[in-house]
Amino acid sequence: RNIVTARFFRFFAMLNLSPPSQGVLKVIFASILEGHLSDFPENVKALCKQTVDASIEIYEKISAEMLPTPAKSHYTFNLRD
């Protein structure tokens, strides 16, 4: 087995980030979508909240059903997919 020296190990760091809550996701994606919809008519801008809510609901359902498998253990679904 390979022994990793402390001198080499100093170049690495471990990060642990908890997933954001549903409320945080709504704020982030609503801000992004509102910026993109700024040039659209008011009736289109009014759909921002419903679009974000629906997107997050779909994300939560898919991420609960599409779990990693032994064949694809490296793959985890995220909102960019």
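The accessible surface of the chain comes to about 7500 Å², and carbon and sulfur atoms account for 61% of that area. The model is a predicted one, and within it buried residues make up 9% of the 81 residues in the chain. The secondary structure consists of four helices and zero strands, so that, read along the sequence, the pattern is α-α-α-α, with helices counted as DSSP runs of at least four residues.

**The nonpolar core**

Which residues make up the largest nonpolar core? This core has six residues in all, namely L25, A30, L37, C48, V52 and I56. The elements that give two or more residues to the core are α2, which spans residues 22–36, and α4, which spans residues 48–65. Of the contributing elements, α4 gives the most, with three residues.

Two of the details around this core can be followed from single residues. L37, when its neighbours within four places in sequence are left aside, is in contact with V44, K45 and C48, and C48 is, like L37 itself, a member of the core. V52, another core member, lies 9.8 Å from S31, C-alpha to C-alpha, although the two are 21 residues apart in sequence. S31 belongs to helix α2, and with a relative accessible area of 45% S31 is partly exposed.

**Salt bridges**

How many salt bridges does the structure hold? There are four. As a general matter, side chains of opposite charge can pair when their charged atoms come close. Three of the pairs are set out below, with the N to O distance of each.

| Pair | N to O distance | Placement |
|---|---|---|
| K26 and D53 | 3.5 Å | helix α2 and helix α4 |
| K45 and E42 | 3.4 Å | both in helix α3 |
| K61 and E57 | 3.5 Å | both in helix α4 |

The side chains of K26 and D53 meet in a salt bridge at 3.5 Å, N to O. Why does this pair tie together parts that are 27 residues apart in sequence? The reason is that K26 lies in helix α2 whereas D53 lies in helix α4. Both partners are partly exposed, K26 with a relative accessible area of 31% and D53 with one of 23%.

The pair of K61 and E57, by contrast, is placed within helix α4, where the two residues are four apart, about one turn of the helix. E57 is partly exposed, its relative accessible area being 44%. Salt bridges that share partners also join K26, K49 and D53 into one network.

**K45 and its surroundings**

K45 is placed in helix α3, and at 29% relative accessibility K45 counts as partly exposed, because its value falls between the 20% below which a residue is buried and the 50% above which a residue is exposed. The salt-bridge partner of K45 is E42, with the closest N and O atoms 3.4 Å apart. These two residues both lie in helix α3, which covers residues 42–45, and are three residues apart, about one turn of the helix. E42 is exposed, with a relative accessible area of 58%.

Which residues does K45 touch once its neighbours within four places in sequence are left aside? They are L37, S38 and F40. Of these, S38 is also reached in a specific way, in that the side chain of K45 comes to the backbone oxygen of S38 at 3.2 Å. The contact with L37 is one with a member of the largest nonpolar core. Farther along the chain, K45 and G35 are 10 residues apart in sequence, with their C-alpha atoms 9.8 Å apart in space.

**A nonpolar patch on the surface**

Where the surface is concerned, V4, F8, F9, F11 and F12 form a nonpolar patch, and together these residues have about 590 Å² of accessible area. One of them, F11, is found in the loop between α1, which spans residues 6–9, and α2. Is F11 buried or exposed? At 60% relative accessibility, F11 counts as exposed, because that value is over the 50% cut-off for exposed residues.

Technical notes. Residues are numbered from 1 along each chain as its sequence is written. This is a predicted model: local features need pLDDT of at least 70, side-chain atom pairs count only at pLDDT 80 or more; totals for chains, interfaces and linings use all residues. Side-chain values use heavy atoms; hydrogens and water are left out. A nonpolar core is a set of buried Ala, Val, Leu, Ile, Met, Phe, Trp, Tyr and Cys residues joined through side-chain atoms within 4.5 Å. Buried means under 20% relative accessible area, exposed over 50%, partly exposed in between (1.4 Å probe, protein chains only). Contact means heavy atoms within 4.5 Å. Patches are made of residues with over 30% relative accessible area and no salt bridge: like charges are joined within 9 Å, nonpolar side chains (Val, Leu, Ile, Met, Phe, Trp, Tyr) within 5 Å. Accessible areas come from the Shrake-Rupley method with a 1.4 Å probe; for residues, only the protein chains shown count as cover. A polar contact is a pair of N or O atoms within 3.5 Å; within protein, one must be able to donate a hydrogen and the other to accept it, and residues adjacent in sequence count only if both atoms are side-chain atoms.
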